[in-house]
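Welcome! Let us take a walk through this structure together, one part at a time.

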Amino acid sequence: MGDLICIEAHDRDWVRFFRDPWDCDWCGLPTRGRVYEETQTVVCSACRKPLLEIDSDPRHYIAFEEDID
Ligand SMILES: [Zn+2]
């Protein structure tokens, strides 16, 4: 049996929304926004309040990136 090393590189259920930081209207912190699975709302990565809603196909907007905040 080999050693099993589990790296939780994908331990999240959201994707980044903005390419460049956006100042959150709620907390004022820069955020790239998050869209959680099963939702169509972009939320602040700091305070988790909604920044905007996606009301059409989100694939037009989202740049799926694998880096982590
Ligand atoms: Zn915020």
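A good place to begin is Glu37, which sits in the loop between E4 and E5. Please keep in mind that this is a predicted model. Glu37 is exposed, because it has 8 other C-beta atoms within 10 Å, and a residue with 12 or fewer counts as exposed. Beyond the residues up to four places away in sequence, Glu37 touches Asp13 and Trp14. Arg12 also belongs in this part of the picture: it lies 25 residues from Glu37 along the chain, and the two C-alpha atoms are separated by 9.5 Å.

The loop between E4 and E5 also holds Glu38. The backbone of Glu38 has a positive phi, near 70°, in a residue other than glycine. Is Glu38 buried or exposed? Glu38 is exposed, since 6 other C-beta atoms lie within 10 Å.

Now let us step back to the whole chain. It contains six strands and zero helices, so if you read along the sequence you meet the pattern β-β-β-β-β-β. Of the 69 residues in the chain, 14% are buried. Among the contacts with a separation of 6 or more, 15% come from residues 24 or more positions apart.

How are the strands of the sheet ordered? Four strands form an open sheet in the order E1-E4-E5-E6, and their pairing is antiparallel. At the edges you will find strand E1, residues 14-16, and strand E6, residues 50-53, each of which pairs on one side only. From one strand to the next, the twist averages 30°.

We can follow the pairings one by one. E1 pairs with strand E4, residues 34-36, in the antiparallel sense, over three bridges. Here Arg16 faces a residue of E4, standing opposite Arg34. Farther along the sheet order, strand E5, residues 41-43, runs antiparallel to E6, and three bridges join them. In this pair, Val42 stands opposite Leu52 of E6.

E5 and E6 form a hairpin with six residues between the strands. One residue to look for in that loop is Arg48. Arg48 has a positive phi of about 65°, although it is not a glycine. How exposed is Arg48? Arg48 counts as partly exposed, because it has 13 C-beta neighbours inside 10 Å.

Arg48 also leads us to Val43. Leaving aside neighbours within four places in sequence, Val43 is in contact with Arg48, and also with Gly33, Arg34, Lys49, Pro50 and Leu51. Which residues make up the largest nonpolar core? This core has six residues in all: Phe17, Val35, Val42, Val43, Cys44 and Leu51. Val43 and Leu51, which we have just met as contact partners, are both members of the core.

Our last stop is another loop, the one between strand E2, residues 22-23, and strand E3, residues 30-31, where Asp25 is found. Asp25 is exposed, because 12 other C-beta atoms lie within 10 Å, and 12 or fewer is the condition for being exposed. Asp25 can be placed relative to Lys49, one of the contacts of Val43. Asp25 and Lys49 are 24 residues apart in sequence and 9.1 Å apart in space, C-alpha to C-alpha.

Methods: Residues are numbered from 1 along each chain as its sequence is written. This is a predicted model: local features need pLDDT of at least 70, side-chain atom pairs count only at pLDDT 80 or more; totals for chains, interfaces and linings use all residues. Two strands pair if DSSP finds at least two bridges between them. Helices (H or I, at least four residues) and strands (E, at least two) are DSSP runs, numbered from the N terminus. Axes are lines fitted to C-alpha atoms, for helices over the stretch in contact, and angles run from 0 to 180 degrees between N-to-C directions. A residue is buried if 20 or more other C-beta atoms lie within 10 Å of its own, exposed if 12 or fewer, and partly exposed in between; C-beta atoms are placed from the backbone. Two residues are in contact if their C-beta atoms, placed from the backbone, lie within 7 Å. A nonpolar core is a set of buried Ala, Val, Leu, Ile, Met, Phe, Trp, Tyr and Cys residues joined through C-beta atoms within 7 Å.
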